[in-house]
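Good morning, everyone, and thank you for making the time. I would like to walk you through the pockets of one structure and the ligand that goes with it, so please have the view open as I speak.

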Amino acid sequence: MTDTTETQGTLPDRLARAITLAGPISIAQFMAAANAHYYATRDPLGATGDFTTAPEISQMFGELLGLALADVWQRAGSPPAAYVELGPGRGTLAGDALRAMAKAGLAPPAHLVETSPVLRAAQAERLPGATWHDALSTVPEDRPLLVLANEFFDALPIRQLVRTATGWHERLVACQDTLFLPIAGKQVPDGVIPADLRDAEPGAIIETSPASVAVVRALAQRLVAQGGAAILVDYGYQGPAIGETLQAVRGHAYANPFDAPGEQDLTAHVDFATLVAAAAAEGANVRGPVEQGLLLTALGIDARLTALSRTAPDRGEALLAGRNRLVQPDQMGTLFKAVAITAPGWPVPGGFA
Ligand code: SAH
């Protein structure tokens, strides 16, 4: 398009103009545009940012996942492999995982799938030798892949369907003056709604993430074709289910997801059942979801805590606090879950038996 109204002004201005000119947009379009701008313009992680994540809480998270992949790799006969991470944030998880892998004799090239220039720069400081990709489609094709992703899928766009008195409708984002608000759009055939959810009360919402399904399918196809293993960690549920999980976080507090697009982090809970089914349909072996607390415990977080506390007694308290935050059920231990996807013939990572 040559229309300059598409490219001028702030993101809210541009979205408002696009909606005025062409009508309400899908929730997925709104979320994709908001998050693309949000991640492209800042490093949102940590105490001074909007939210924090498992690798930023404790080095043990990345070390244990790295060791789990190194163990799989060894049991597969130690072939030349590549490390791939989806949405690596500050590069902390990759740094911790690769350091642990190196101790196990594994030093794969790092291929990072990241769209944000700001976060690519942060990752480059930790991982100067890495290669960056806009999407999974360009990572190496000639070797097995050892893949990690933490809180990547929750940032990918979701679609919402809303039940009204007349049936199910696509949920759209409209704009009134400068306010964005969700409305019911065109009706969808009942046949696209899972039978057991069809008769939900008016106001009920179902979410799907076609973008997440596409990434998991592409990942599973690569693993089946090339060999390798992936561990995907996120927070979520076993869907499809009724319920709205789209949420906005700004300055470590919840906000209205339709406010200030591009200035707050938009996420949705991940439907693990659908992602597992998508990977299995491609012929990959899929295990989980396993609760994060159980997985990290099975991978030996308590032994690692003891070892680290012994070498750095002054950090003992902080290490224990990190361990508790990652593992305890009332913290991140239950809400966060992990799925393992492996190529046929490849061993299953520890903790997923
Ligand atoms: N894994 C990191 C960061 C999680 S935040 C951690 O646990 O700390 C989400 C990450 O995914 C960011 O790095 C963000 O820039 C990236 N991201 C979001 N949408 C993306 C997309 N469509 N393609 C590639 N990367 C994306």
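**The ligand and its surroundings**

Let me begin with the residues around the ligand: sorted by class, this shell holds 8 nonpolar, 6 polar and 2 charged residues. Please keep in mind throughout that what you see is a predicted model. There are 16 residues around the ligand, and those that come nearest are Thr-53, Gly-87, Gly-89, Glu-114 and Asn-150.

Three of these deserve a slower look, and I will take them one by one. At Gly-89, a backbone N or O atom lies 3.0 Å from an oxygen atom of the ligand. With Glu-114 the side chain takes part, since one of its polar atoms is placed 2.5 Å from a ligand oxygen atom. At Asn-150 we return to the backbone, where a polar atom is 2.8 Å from a nitrogen atom of the ligand. As for how much of the ligand is covered, the ligand taken alone exposes 570 Å², and the protein buries 90% of that.

**The largest pocket**

Where, then, does the ligand sit? The space that the ligand takes is the largest pocket, and this pocket has a volume of about 680 Å³. Its lining is made up of 36 residues, of which Gly-87, Glu-114, Thr-115, Phe-152 and Ala-155 are the closest to the centre. You will recognise Gly-87 and Glu-114 from the list of residues that come nearest to the ligand.

If you follow the secondary structure, you will find that α2 (27-40), α3 (54-57), β2 (82-86), α5 (92-103) and α6 (117-126) each contribute at least two residues to this lining, and that α2 gives the most, with 5 residues. By class, the lining of the largest pocket divides into 21 nonpolar, 9 polar and 6 charged residues.

**The second largest pocket**

Before I finish, I would like to turn to the second largest pocket, which has a volume of about 490 Å³. Here 21 residues form the lining, and the closest to the centre of this pocket are Phe-51, Thr-52, Glu-151, Tyr-254 and Phe-336. The elements that supply two or more residues to the lining are the strands β11 (247-250), β12 (253-255) and β13 (265-267), together with the helix α12 (329-333). In terms of class, the lining of the second largest pocket has 10 nonpolar, 6 polar and 5 charged residues.

Methods: Residues are numbered from 1 along each chain as its sequence is written. This is a predicted model: local features need pLDDT of at least 70, side-chain atom pairs count only at pLDDT 80 or more; totals for chains, interfaces and linings use all residues. Side-chain values use heavy atoms; hydrogens and water are left out. On a 1 Å grid over the protein atoms alone, a cavity is a set of points where a 1.4 Å probe fits but cannot get out, and a pocket is an open set with protein on both sides within 12 Å along at least five of seven lines; lining residues have an atom within 4 Å of a point. Grid points are joined across faces, edges and corners, and a volume is the space filled by probe spheres set on the points. Helices (H or I, at least four residues) and strands (E, at least two) are DSSP runs, numbered from the N terminus. Ala, Val, Leu, Ile, Met, Phe, Trp, Tyr, Cys and Pro count as nonpolar, Asp, Glu, Lys and Arg as charged, and the others, Gly among them, as polar. A residue is near a molecule or strand if one of its heavy atoms lies within 4 Å of it. A polar contact is a pair of N or O atoms within 3.5 Å; within protein, one must be able to donate a hydrogen and the other to accept it, and residues adjacent in sequence count only if both atoms are side-chain atoms. Accessible areas come from the Shrake-Rupley method with a 1.4 Å probe; for residues, only the protein chains shown count as cover. A molecule sits in a cavity or pocket if more than half of its atoms lie within 2 Å of its grid points.
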